[in-house]
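User: I'd like to go through the ligand site here. Can you explain the terms as we go?

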Amino acid sequence: MGLDDFETHPNAAFPFRGGETEAIKRLEDYFFTSKKLGVYKKTRNGLIGTNFSSKFSPWLANGSLSARTIYWYVIQFEQEYFKNDSTYWLVFELIWRDYFKYISLKHKINIFLIGGILEKDYEWKKNLKVIEQWINGQTGEPFVDANMIELKKTGWMSNRGRQNVASYFAKTLNLDWRIGAAYFESQLIDYDVHSNYGNWMYVSGVGNDPRDRTFNVKRQAERYDSAGKFQRLWLQDTLF
Ligand SMILES: Cc1cc2nc3c(=O)[nH]c(=O)nc-3n(C[C@H](O)[C@H](O)[C@H](O)COP(=O)(O)OP(=O)(O)OC[C@H]3O[C@@H](n4cnc5c(N)ncnc54)[C@H](O)[C@@H]3O)c2cc1C
């Protein structure tokens with residue numbers, strides 16, 4: 001089976017192809033044709049479709065696109081059209097990406113250790129059945145399950161989804177966060193060691209967020225998927 005031998009799921013949020021040419025095509029479309037860059041800050045917590053966020057991450061992860069290229073296109077957009085909190089925010093998110101690379105350089109293997117960079121001594125569980133239910137979208141928590149099914153079927157999950165399923169895994173189920181991170185590593189089409197382990201540590205309370213927070217998944221679903229459209233999309237999906 002070759003790398004091209006797969007069918008893209010019709011509901012995939014990332015239906016694009018690989019390579020630099022496709023990356024630049026997407027960038028030009030997101031910035032200059034649809035001008036979605038101009039509303040990025042308002043839409044970035046979305047869950048469905050191609051345009052709620054830039055979708056640059058898979059190309060960034062495999063080196064088809066660089067953060068610098070994106071930065072200079074943002075400057076071009078600001079000079080030709082307008083500068084607002086959305087044009088600022090896309091660059092701000094790219095700085096998070098850089099920051100997690102810096103964290104890896106600084107903390108080295110600690111990013112893979114159970115206590116994370118804060119060397120926290122929490123109690124973690126390893127219940128295979130519960131881990132499998134999470135992986136297969138069978139936890140019984142519909143917002144978590146819908147996101148996990150999307151990941152399984154497409155290799156993609158929104159940032160809002162990732163934060164919720166990771167928090168549910170590490171802070172609600174108290175499962176060893178590194179197992180969740182390793183599953184993401186095996187599935188994500190935009191897997192990046194620094195962003196993945198940096199964000200998992202952050203959400204799990206062993207990384208850069210000094211607050212030990214737990215997402216209220218039900219409240220998150222009400223806020224970001226109030227009509228239940230995203231949950232229905234994946235929970236009723238029988239394709240593939
Ligand atoms: C538990 C967890 C695991 C994650 N694992 C990965 C991973 O393996 N690879 C990965 O690229 N991102 C990861 N992220 C960060 C983020 O979810 C994705 O970068 C983002 O959803 C990609 O979609 P986008 O390109 O449309 O992002 P946009 O919202 O359009 O953002 C533009 C770019 O900014 C960067 N960015 C945005 N948010 C973050 C963030 N929280 N941390 C670091 N960089 C960010 C990305 O390079 C992204 O492509 C993870 C987040 C969480 C909570």
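**The ligand site**

Analyst: Sure. The ligand takes up the space of the largest pocket. Keep in mind that this is a predicted model, where local features need pLDDT of at least 70, side-chain atom pairs count only at pLDDT 80 or more, and totals for chains, interfaces and linings use all residues. Residues are numbered from 1 along each chain as its sequence is written, and side-chain values use heavy atoms, with hydrogens and water left out.

User: What makes the pair between S53 and the ligand a polar contact?

Analyst: A polar contact is a pair of N or O atoms within 3.5 Å. An N or O atom in the S53 side chain is 2.6 Å from a ligand oxygen, so the pair qualifies. The backbone joins in too: an N or O atom of F56 lies 3.1 Å from a ligand oxygen, and a polar backbone atom of S57 is also 3.1 Å from one.

User: How do you know that the ligand lies between domain 1 and domain 2?

Analyst: Domain 1 (20-109) and domain 2 (121-235), with bounds from an automatic or database domain assignment, both give residues to the shell, so the ligand lies between them.

User: Which helix gives the most to that shell?

Analyst: Helix 5, with five residues; helices are DSSP runs (H or I, at least four residues), numbered from the N terminus.

Key:
Polar contact = N/O pair within 3.5 Å; in protein donor to acceptor, adjacent residues only side chain to side chain. 1 Å grid on protein atoms, 1.4 Å probe; cavity = no way out; pocket = protein on both sides within 12 Å on 5 of 7 lines; lining within 4 Å. Sits in = over half its atoms within 2 Å of the grid points. Helix = DSSP H or I, 4+ residues; strand = E, 2+ residues; numbered from the N terminus.
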